[in-house]
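Open the model in your viewer and keep the selection tool at hand. The tour below goes from one selection to the next and says what is there.

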Amino acid sequence: MSNTNIKFTAPGMDNDAAAKTIKVLDQRLVALLDLQLTLKHIHWNVVGPNFIGVHKMLDPQVDAVREMTDTIAERIATLGGVPKGTPKAIVEGRSWNDYELGKGLVLDHLKALDAVYDGVNGDHRKALELLGEIDPVSEDMITGQLADLEQFQWFVRAHIESGSGELQQ
């Protein structure tokens, strides 16, 4: 994604800080666009015991993640960047493998989704470290998103947690 040639940015922020912030936000945008599509894919392909509960649990997550992508894209534009949400931009911007499961049992999908959330949430935390040094507004935005994403992962983990508190592998 080419957001390095910033012509203007938010008042009080220099172009270099804006370019660095946009670079971080570009990656978060790609991750959340990918997550949104993955959640919907699981929603369509999950089967077995507890199907309906998981099926219904995922749609609000899809909607919330869609809102997160919109917020990030608008922040990128505010800083003078160009948000890219095309399929090509998603594929080229990813540094992880595509979600592998097709139709599958609830437990299998939720274990795989937990791993997806590990990656997304871990990278959101890394983004916070970088943004804390260059843009507190974007840092605050990502912090709020991370709170929701961690709660979504907790919902997933409640399905794969044993009575003794361990996650099923």
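Helices and strands here are DSSP runs, a helix (H or I) having at least four residues and a strand (E) at least two, numbered from the N terminus. The model is predicted.

**Stop 1: Lys103**

Select Lys103, in the loop that runs between helix 3 (87-93) and strand 2 (104-105). Is Lys103 buried or exposed? Its relative accessible area is 68%, and because exposed means over 50%, Lys103 counts as exposed. Now add Val47 to the selection and draw a C-alpha to C-alpha distance: it should read 7.1 Å, for two residues 56 apart in sequence. Leaving aside neighbours within four places in sequence, Lys103 is in contact with Asn45, Val47 and His109.

**Stop 2: Asn50**

Move to Asn50, in the loop between strand 1 (46-47) and helix 2. Asn50 is exposed, at 57% relative accessible area. Check the backbone here: phi is positive, about 70°, although Asn50 is not a glycine. For context, most residues other than glycine have a negative phi.

**Stop 3: the largest nonpolar core**

Next select Leu35, Leu113 and Leu149. Of the 44 residues in the largest nonpolar core, these three touch the most other members. Colour helix 1 (15-45), helix 2 (51-78), helix 4 (106-134) and helix 5 (136-160), each of which supplies at least two residues of this core. Which helix gives the most to this core? Helix 1 does, with 13 residues. In soluble globular proteins, nonpolar side chains tend to be buried together.

Stay with Leu149 and show what surrounds it. Not counting residues up to four places away in sequence, Leu149 touches Leu32, Leu35, Val65, Met68, Tyr117, Val120, Asn121 and His124.

**Stop 4: the second largest pocket**

Select Asp34, Trp96, Asn97, Val116 and Val120. Among the 14 residues that line the second largest pocket, these five lie nearest its centre. The pocket holds about 230 Å³ of space. Helix 1 and helix 4 each supply at least two residues of the lining, and helix 4 has the largest share, with five residues. What kinds of residues make up the lining of the second largest pocket? Six are nonpolar, three are polar and five are charged.

**Stop 5: Thr21**

Go back to helix 1 and pick Thr21. Thr21 has 0% relative accessibility and so counts as buried. Show the side chain: one of its polar atoms lies 2.9 Å from the backbone oxygen of Ala17. Then select Ile134 as well. The C-alpha atoms of Thr21 and Ile134 are separated by 6.9 Å, with their positions 113 residues apart along the chain. Apart from neighbours within four places in sequence, the contacts of Thr21 are Met13, Leu79, Leu131, Ile134, Asp135 and Ser138.

**Stop 6: Asp135**

Asp135, one of those contacts of Thr21, is the next selection. Asp135 sits in the loop between helix 4 and helix 5. Its relative accessibility is 4%, so Asp135 counts as buried. Which side chain makes a polar contact with the side chain of Asp135? That of Arg75, at 2.8 Å. With residues up to four places away in sequence not counted, Asp135 touches Met13, Thr21, Arg75 and Leu79.

**Stop 7: Thr9 and Asn15**

Leu79 was among the residues that Asp135 touches; keep it displayed and add Thr9. Thr9 is in the segment before helix 1. At 14% relative accessibility, Thr9 counts as buried, since the cut-off is under 20%. The side chain of Thr9 reaches the backbone oxygen of Leu79 at 2.9 Å. Beyond neighbours within four places in sequence, Thr9 is in contact with Asp14, Asn15, Ala18, Thr78 and Leu79.

Finish on Asn15, which is in helix 1. Asn15 has 32% relative accessibility and therefore counts as partly exposed. Once neighbours within four places in sequence are set aside, Asn15 is in contact with Ile6, Lys7, Phe8 and Thr9. A last distance to draw is from Asn15 to Leu79: the two are 64 residues apart along the chain, and their C-alpha atoms are separated by 8.5 Å.

Notes: Residues are numbered from 1 along each chain as its sequence is written. This is a predicted model: local features need pLDDT of at least 70, side-chain atom pairs count only at pLDDT 80 or more; totals for chains, interfaces and linings use all residues. Side-chain values use heavy atoms; hydrogens and water are left out. A nonpolar core is a set of buried Ala, Val, Leu, Ile, Met, Phe, Trp, Tyr and Cys residues joined through side-chain atoms within 4.5 Å. Buried means under 20% relative accessible area, exposed over 50%, partly exposed in between (1.4 Å probe, protein chains only). Contact means heavy atoms within 4.5 Å. On a 1 Å grid over the protein atoms alone, a cavity is a set of points where a 1.4 Å probe fits but cannot get out, and a pocket is an open set with protein on both sides within 12 Å along at least five of seven lines; lining residues have an atom within 4 Å of a point. Grid points are joined across faces, edges and corners, and a volume is the space filled by probe spheres set on the points. Ala, Val, Leu, Ile, Met, Phe, Trp, Tyr, Cys and Pro count as nonpolar, Asp, Glu, Lys and Arg as charged, and the others, Gly among them, as polar. A polar contact is a pair of N or O atoms within 3.5 Å; within protein, one must be able to donate a hydrogen and the other to accept it, and residues adjacent in sequence count only if both atoms are side-chain atoms.
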